[in-house]
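User: I'm new to this structure and would love a close look at a single part of it. Could you walk me through the place where the ligand sits?

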Amino acid sequence: MALRNMAACVTFILLFCIVGTGFGAQYKPEYKMSVVVGPIGAWGEGASRFAEAVNKATNGRINIKPYYSGQLFAGKQTNEFLLIKQGVIDFSLSSTINWSTTIKELNLFSLPFLFPDYQTLDAVEYGEVGKRLFRAIDENGVTGLAWGENGYRDLTNNKRPVNKPEDLQGLKVRVVGSPIFIDIFKAMGANPVSMNWGEALSAFQQGTVDGQENPVDSIIIPYKLWQVHKYLTVWNYAIDPLIFSVSRSVWQTFTRKDREAILKAAGMTAQWQKKTARAGLSGAMPAFETLKKNGMEVTVLTPEQIRAFAIRTRPVYIKWAKEIGADLVDLTEKEVEKSLKQK
Ligand code: X2X
């Protein structure tokens, strides 16, 4: 009897250890992580830091390898979400823009001139709206781990300084493959063409397009876009959050302890990643100095100049607010009002 009790006790302890360490879980030797951009800049580096942090926190049990420059989805950015959902891609650090064709609520961040500052964005992401968006992606098979950042999107081109909508007239601007961007740039008088990032880089070099829009710190500087475009217009017209994510089917295979470790690693990496992506624009503007030193002409639009573009794009805002959902847009507008009152 005593012997049987002892055997039960040993079995219990063994089981406890196995579950507790994740030793018994069927883990893959490598988890593939998708990244649209290269390993450089706050976005690319955010992915490698996350992989390292997870490896360390799980004692090497979970080995994530970032695949850069859209390798896992053959460059086609709008396919990324579905491949994560299917578990073809395990993890990702993704732009909400590239997922917005599948999850229409994510177009919220592309509503023109909605977010006045990063504080408002944080309040939205960490509040009710952010929770609902994470729920929406989770219901579609992708689990959000933390909010990261690509940043405010600004315009570069090789033709002329852009200060007013008339300056955009006829300018051929590369945009991402999400239809809201075509609507925005058409409303502002430009001639938008949607293109994946990989193709866009060669199009800039060949001069087959005149301009593009992307964040200064995460993209314009690391990709040295001054080599192809002379003019930068800072107008912060759209914001581009990133999401550290995992395929829900993969997430369910991890032990509770490993899930906690992954969430913690994502949260800590996201803090670093956001801070780095924001460093140039929110600080003493060393980013603009870098651009100027490399021959770029930097135009920072005044609130009055921005208003002219916002008026032009108002019908696009109204059209897309309906697609996104009035309740999400209302909640976000309330956060914006709160921030503006505090100023
Ligand atoms: O394609 C872009 O412009 C990029 C790199 O910013 C995104 O993936 C949204």
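Analyst: Happy to! Let's start with one atom pair: an oxygen atom of the ligand and a polar side-chain atom of Q77 lie 2.9 Å apart. Keep in mind as we go that this is a predicted model.

Q77 has company. The side chain of N98 also places an N or O atom 2.9 Å from an oxygen atom of the ligand. For N150, the distance between a polar side-chain atom and a ligand oxygen is 3.4 Å. As for how enclosed the ligand is, on its own it has 270 Å² of accessible area, and the protein covers 100% of that.

Where does this put the ligand within the protein? The space it takes up is the largest cavity.

Now let's step back to the surrounding shell. There are 13 residues around the ligand, and those that come nearest are Q77, N98, R153, R174 and N214. By character, the shell is made up of five nonpolar residues, five polar ones and three charged ones.

If you'd like to find these residues in the viewer, begin with Q77 and its 2.9 Å pair with a ligand oxygen, then move to N98 and on to N150, whose polar side-chain atom is 3.4 Å from an oxygen of the ligand. From there, you can add R153, R174 and N214, which are also among the residues that come nearest.

Methods. Residues are numbered from 1 along each chain as its sequence is written. This is a predicted model: local features need pLDDT of at least 70, side-chain atom pairs count only at pLDDT 80 or more; totals for chains, interfaces and linings use all residues. Side-chain values use heavy atoms; hydrogens and water are left out. A residue is near a molecule or strand if one of its heavy atoms lies within 4 Å of it. A polar contact is a pair of N or O atoms within 3.5 Å; within protein, one must be able to donate a hydrogen and the other to accept it, and residues adjacent in sequence count only if both atoms are side-chain atoms. Accessible areas come from the Shrake-Rupley method with a 1.4 Å probe; for residues, only the protein chains shown count as cover. On a 1 Å grid over the protein atoms alone, a cavity is a set of points where a 1.4 Å probe fits but cannot get out, and a pocket is an open set with protein on both sides within 12 Å along at least five of seven lines; lining residues have an atom within 4 Å of a point. A molecule sits in a cavity or pocket if more than half of its atoms lie within 2 Å of its grid points. Ala, Val, Leu, Ile, Met, Phe, Trp, Tyr, Cys and Pro count as nonpolar, Asp, Glu, Lys and Arg as charged, and the others, Gly among them, as polar.
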